Each structure stands twice: as structure tokens, then as C-alpha cells.
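Please open the model in your viewer and keep the selection tool at hand. The tour below goes from one selection to the next and says what is there.

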Amino acid sequence: MTEMLAGKRGLVTGVANEDSIAWGCARAFRDAGAELALTYQDEQARPHVQPLADRLGATLLQPCDVRREAEMDALFERIAEAWGRLDFLLHAIAFAPRDDLHARVTDCSEAGFSTAMSISCHSFMRLARRAEPLMADGGTLLTLTFYGSERVVEDYNLMGPVKAALESSARYMAGELGDKGIRVHAISPGPVRTRAASGLQDFDALLEHARKRAPEHQLVGIEDVGNVAAFLVADGAAKLTGNVVHVDAGLHVLS
Ligand code: NAD
């Protein structure tokens, strides 16, 4: 894997701490030789993300709350100024209001649904739209999804339909951007203990189920997801686009 991404420059969103899936991906991108820009959600997050960005020798560290258009504009202006191009982007952002996340899908509020969709799904388009002009020589857009989009997974609730929309959006974007050499994938990891995951009710049961049921009888780590993300961005994956790539020790093939 060494230097598979030498000369490539990528933007990684969604690093909150060392447990974040985005952190596993950022490390794998860096280990493969990529130069990175990282974002943090707000000033509260910055002290946690700054040391991680330093460890990777990230060239840029910028605030980016996807609810703030101006912040997203400033982020891409900064990348254009510093690099003049972008080779890949990782979208690793999700949020749903707690009451709606813990309710039945049948009962979730319109406001909660809209917030979850905007932050967890439409933000991928908002970032992609800004990345597109910087990918004149092609590029890769990655997002993160979960199997609860395809099947009813207990307690995943509102995030199921949100991730289904995200996966479909990734396919449409792959169709639209393919002639520019821009490839789009959604990576679907098995359950990983992260801060976002701790918002789900009874996440331990989900982990235990995955460990027992997955054909490989193993849980997925952020380094496993990172290795696949690095491959998808590499030139060797140039003929792949529009996929939902399961990194789940095989769990999704079971009924
Ligand atoms: P995490 O808590 O480490 O990351 C979630 C990130 O979303 C955080 O960095 C947070 O700052 C960011 N975020 C939330 N609202 C934001 C906003 N308004 N603007 C900008 N950033 C915002 O948790 P994670 O599990 O690493 O989540 C990353 C992605 O992986 C999510 O899309 C999640 O749904 C997906 N995923 C997680 C699992 C799992 O089991 N942990 C499994 C499959 C997919």
C-alpha cells in the first residue's frame, strides 16, 4: 500500500476524535502518501482535532459546520488558494436529533427528519458541488453509510431512510459526474464504537450481533475502513464508481 496515493491531495471531514471512522481513513490516506486537509465542526471540537491534524502533517485545518454555507465557501476557497485542485473528498458527517432518533420512524417529526437529511445527506451534495470545479482532472467523492439503509436494523430508526437517500444520491452523483472522471462511492462499515454510534439506543447489542453473525465473526475497525477508502481513491480503482462498498466482515450477505 505504500505511496499508493503519492501526489494526491484530499479533504477529510468528520474527524471528531481518535475513534472517528474519518480518523481511520485520514491515517490510511496519509500512510499511502496523500497530503491532507482536515476540518473540525466548531471551536469546541478544534482542540481535539488540531493535535490529530498535526500528527498527520495536515497542510490545512479549517472549520466546517455544514449548516453554515459561508464556512463551506471559505473552506473551498482556502483549498483552491493553497492547492488549486482536489483529488478526493471524504464526507463522514451524520446527525439526527436525539428524540427523533429514538422514536419510531412512523413518529419522527418533520423538523427532525429535515435536520437529519440536511446534515447527514444533503451536505454531501453541498460539499461535492464545491469540490467539482477543483476536480478538473477527475477525483473521488466518498461518503459513509450503514446497512440499516437496506434492512430494518433495530434502533437505527430515522437514520435508515436518511442513509438510503444518501446511497441513492451517491449513485446519481456517480452518473452525473462520471464524464468528468469524478467517481463516487458510499462505504458501508459494520458497527464501530464511535461518538456518533453512542447516540443509538443499545449499540452494544448491535455490536454483539455483528460479532456473532458476521461470516468472519469479527468486528470492523476504523483501520479496516481506512484501508478500503484509500484503495477506492487510488488509481487502481479507476473503473469503480457508484458502489455501496460493504466493509462489514460479510454481515450484509446474511438474511
Ligand atoms: P463520529 O462521531 O466520530 O463522527 C461524526 C462526525 O460528524 C463528527 O466529526 C461530527 O463533528 C460531524 N458532524 C455532525 N454534525 C455536523 C455538522 N453540522 N457539520 C459538520 N460536521 C458535523 O462518528 P462516526 O461513527 O465516525 O461517523 C462518521 C460517519 O460514519 C457517519 O456518517 C456515520 O453515520 C457513519 N457510520 C458509522 C458507523 C458506526 O457504527 N460508527 C457505521 C456505519 C456508518
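Which backbone atom type of Gly14 lies close to an oxygen atom of the ligand, and at what distance? Select Gly14 together with the ligand in this predicted model, and you will find a backbone N or O atom of Gly14 at 2.8 Å from a ligand oxygen atom.

Keep the ligand selected and add Ile21, where again a backbone N or O atom lies 2.9 Å from an oxygen atom of the ligand. Next add Lys163, whose contribution comes from the side chain, with a polar atom placed 2.9 Å from an oxygen atom of the ligand. Taken on its own, the ligand has 820 Å² of accessible area, and the protein covers 94% of that area.

Now widen the selection to the 27 residues around the ligand, among which Gly14, Ser20, Gln41, Val192 and Thr194 come nearest. If you colour this shell by class, 17 residues appear as nonpolar, six as polar and four as charged. With a surface displayed, look at the space taken by the ligand, which is the largest pocket.

Leave the ligand and select the cysteines, bearing in mind that a disulfide is a covalent bond between the sulfur atoms of two cysteines. A search of the whole structure finds zero disulfides. Centre on Cys64, which is in no disulfide and for which the nearest cysteine sulfur, belonging to Cys121, is 16 Å away; Cys64 counts as buried because its relative accessibility is 5%, under the 20% limit.

Finish at Cys108, likewise in no disulfide, with the sulfur of Cys121 as its nearest cysteine sulfur at 14 Å. Cys108 has a relative accessibility of 18%, and therefore also counts as buried.

Terms used: Residues are numbered from 1 along each chain as its sequence is written. This is a predicted model: local features need pLDDT of at least 70, side-chain atom pairs count only at pLDDT 80 or more; totals for chains, interfaces and linings use all residues. Side-chain values use heavy atoms; hydrogens and water are left out. A residue is near a molecule or strand if one of its heavy atoms lies within 4 Å of it. A polar contact is a pair of N or O atoms within 3.5 Å; within protein, one must be able to donate a hydrogen and the other to accept it, and residues adjacent in sequence count only if both atoms are side-chain atoms. Accessible areas come from the Shrake-Rupley method with a 1.4 Å probe; for residues, only the protein chains shown count as cover. On a 1 Å grid over the protein atoms alone, a cavity is a set of points where a 1.4 Å probe fits but cannot get out, and a pocket is an open set with protein on both sides within 12 Å along at least five of seven lines; lining residues have an atom within 4 Å of a point. A molecule sits in a cavity or pocket if more than half of its atoms lie within 2 Å of its grid points. Ala, Val, Leu, Ile, Met, Phe, Trp, Tyr, Cys and Pro count as nonpolar, Asp, Glu, Lys and Arg as charged, and the others, Gly among them, as polar. A disulfide is a pair of cysteine sulfur atoms within 2.5 Å. Buried means under 20% relative accessible area, exposed over 50%, partly exposed in between (1.4 Å probe, protein chains only).
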